[in-house]
Each structure stands twice: as structure tokens, then as C-alpha cells.
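Subject: A structure for you to look at

Hello,

Here is the structure I promised to pass on to you. Have a look at it first, and then read on for what was found in it.

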Amino acid sequence: MESNSKYFWQRMSFIVGERIEVLGVEVGFENTYYGAHVLALYENEVVVQDETVLDDYCFALTEVVERNRIRPTPAVVHSIFHLGDDVDVWIYGGWRKCECRGLTDGGCAVRLPDMPNSRKTLLHRMVDVRRHQEWVYSNGKNRWFYKTKLRNVFSVGDAVEVAGVEGITANGFFNAHILEINAEWMQIEYDIVAPEDETKIIDIVACSRVRPLSDVIDVGSYEIGDVVDVWIMGGWWAGICLGMQNDMYTVYCDYMDQEYVPVLETNIRIGRDWKYEEGNSGWVYSKV
């Protein structure tokens, strides 16, 4: 499956006033991120004011931290948690990495990383649980990555996205459902219909072209330089956001006849790739 990675831009720096997250390092606060705002920037350090951590006088703590302890605030990912997924739980004013051990009505059972052999689990409200995401730097790019225990083996009936392979369609992904699965190929039925008779299109595709249906990743607004997907001609197409004017985003798609594509806010999403790493699978995306 061809990756859209050529569109990913590097997140170069932070700015004063920006809301970020700071990784805790004190004993008992490891694997926990706290909300903060940038007050000043230096070459290797950043002055931040924490949102929930207080000093000895019960004021918001101001501290100097190393740059490798800060990251942007991650986007909100709307997805269903699975047994074994990495999640963050809101504990003591910060987001702490845990393991999902199951779901109940309105709650999520989690296990903390410092008690992996314990049978004890903690139950938290769903509003206090989020998808755990890693801010990683590789090959000259900053990207968000979150893995999921979502099965790598698909089942008949699953909703998926299928990569195009010919001409302009090689830059798009198209929604479909699986009808049949073979060792190397799948029979799929696209959600779009054939223009000549308005019937669903059925095709045989290589397994490498199929990925799960994407989660909804809420990044708020889109900025100039964001890698995005736009919904055009029944599929999601990769491009670069050039800004917004008159309630329409302009997206640059260099492979289309009309390179500068106007799209409504309802027809744009943050760009993403589906990756397999060390037996785990997950989504990778970038935000300016």
C-alpha cells in the first residue's frame, strides 16, 4: 500500500503561550503528562506554567523543563477501546498511561504499568479515559502515533478503506465492506455505486491494499501546511491545507487536474497512515 508520507511536515518549534503537555519525572509521576502553557523558550529548555500542579503556596507551578519532556497537546481520537489497548487515564491532575482491561456501562477498567502482575484493576469513567498517543520523531519528521490491539486479521462484513492503485486513484482510499477473504486477496464491495447503473461495485483486491476504517481524529481547525485528506469522488484523497476562506478550505493536490481543491469543513480530515510495527498496528498522523 502506497503511503502518503511525502506530505508529512516537520513540527519545527513551539511558541510562547502555546498549550502543551509536560512529562512527569518525579517518583510516582512517571508515564504521566500534565497540561501547561509555554512562558519562555531557550535552546534546550522551556519555562512552563502547569495547569494542575501547584507550588508550595498553592499557585500554579512555574518550572524550567528540558525540551525532550514537552510535546503538543494531542488531538482527541474518537474510537472504541479494545482489551489490551494503551490508554491514558485522568489521575491526580494528569494523563497517565494504562492498559485497557475491558469496558463496562459508562466505564473502562484499566491496569497501571507499575503493577503488571497484579490482578487488581481500576474502573474509570469514559470521560476520564483517552487514547494513548506517542509524539515521535523519525526520518526528519514529527508525527503522532497510537497503536491498537484491533485485530490485524479482518473478518467478513468489516468496514474498511481500500487504497486505489491505478492512475489518479493511487492517491485515494475508498470505503468498502469485506465480502470474502483469501490468504492474499479479499473480495470487497465499495460503498460508492457504478455511475452507469447505480449498483454497488464489487472487486478483488490484494490484502495489502486494505486497512481498517479510520477513527475520527478531532484536531479542531486545520492550519496552513497540515497534511489532510479530502472527500472527493467517493474517496479520501491526500493533500496539503493552504488555509480557509469564505467557510471553504483550499487543499493542494498536485496529482489532480485541478490542483487547488476547495472543500467544505465537513469533507476534510487530518491525514493518516496505517502502520505495522513490532507486531502492533496503529495510526500515524501529523499536525502543524
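Let me start with one residue: at 16% relative accessibility, D128 counts as buried. In these notes buried means under 20% relative accessible area, exposed means over 50%, and partly exposed is what lies in between, all with a 1.4 Å probe and protein chains only. The partner of D128 is R125, and the two form a salt bridge with their closest N and O atoms 3.1 Å apart. R125, unlike the buried D128, is exposed, with a relative accessible area of 53%. A salt bridge here is a side-chain nitrogen of Lys or Arg within 4 Å of a carboxyl oxygen of Asp or Glu.

Before going further, please keep in mind that this is a predicted model, in which local features need pLDDT of at least 70 and side-chain atom pairs count only at pLDDT 80 or more, while totals for chains, interfaces and linings use all residues. Residues are numbered from 1 along each chain as its sequence is written, and side-chain values use heavy atoms, with hydrogens and water left out.

Now the overall picture. The chain has 26 strands and 0 helices; these are DSSP runs numbered from the N terminus, with at least two residues (E) for a strand and at least four (H or I) for a helix. Of its 288 residues, 46% are buried. Taking contacts (heavy atoms within 4.5 Å) between residues at least 6 apart in sequence, 48% join residues at least 24 apart. The chain exposes about 15700 Å², and carbon and sulfur atoms supply 52% of that area. Accessible areas come from the Shrake-Rupley method with a 1.4 Å probe, and for residues only the protein chains shown count as cover.

What about the inside? In soluble globular proteins, nonpolar side chains tend to be buried together. A nonpolar core is a set of buried Ala, Val, Leu, Ile, Met, Phe, Trp, Tyr and Cys residues joined through side-chain atoms within 4.5 Å. The largest one in this model has 36 residues, and V162, I188, I217, Y222, V230 and I268 have the most contacts inside it. Beyond its neighbours within four places in sequence, V230 is in contact with residues including W236, W237, V251 and I268. Another core, of 10 residues, lies apart from the largest one; V87, C98, L112 and V129 are among its members.

Back to the charged pairs. The whole structure holds 11 salt bridges. One of special interest to me joins the side chains of R269 and E161, at 3.1 Å from N to O. R269 lies in strand β24 (residues 268-270) and E161 in strand β14 (residues 159-163), so this pair ties together parts that are 108 residues apart in sequence. Both R269 and E161 are buried. They also belong to a network of salt bridges that links E161, R211, D229, R269 and R272. Elsewhere, R101 forms a salt bridge with E99, with 2.8 Å between the closest N and O atoms. R101 is partly exposed at 30%, and E99 is partly exposed at 27%.

Which residues form a nonpolar patch on the surface? They are I80, L103 and M126, with about 270 Å² of accessible area together. Patch residues have over 30% relative accessible area and no salt bridge; nonpolar side chains (Val, Leu, Ile, Met, Phe, Trp, Tyr) are joined within 5 Å, and like charges within 9 Å. L103 sits in strand β8 (residues 94-104) and is partly exposed, at 43%.

The rings come next. There are 9 aromatic pairs in the whole structure. The ring centres of W231 and W236 are 5.2 Å apart and their planes stand at 65°, so the pair is edge-to-face. Rings of Phe, Tyr and Trp (its six-membered ring) pair if their centres lie within 6.5 Å; planes under 30 degrees apart count as stacked, over 60 as edge-to-face and the rest as tilted. W231 is partly exposed at 31%, whereas W236 is buried at 14%. Ring pairs also link F174, Y190, W237 and Y255 into a cluster.

Finally, the backbone. M233 has a positive phi near 50° although it is not glycine, and N246 has one near 55°. M233 is in the loop between β20 (227-232) and β21 (235-245), and N246 in the loop between β21 and β22 (248-252). M233 is exposed at 57%, and so is N246, at 68%.

Enjoy looking around!

Best wishes
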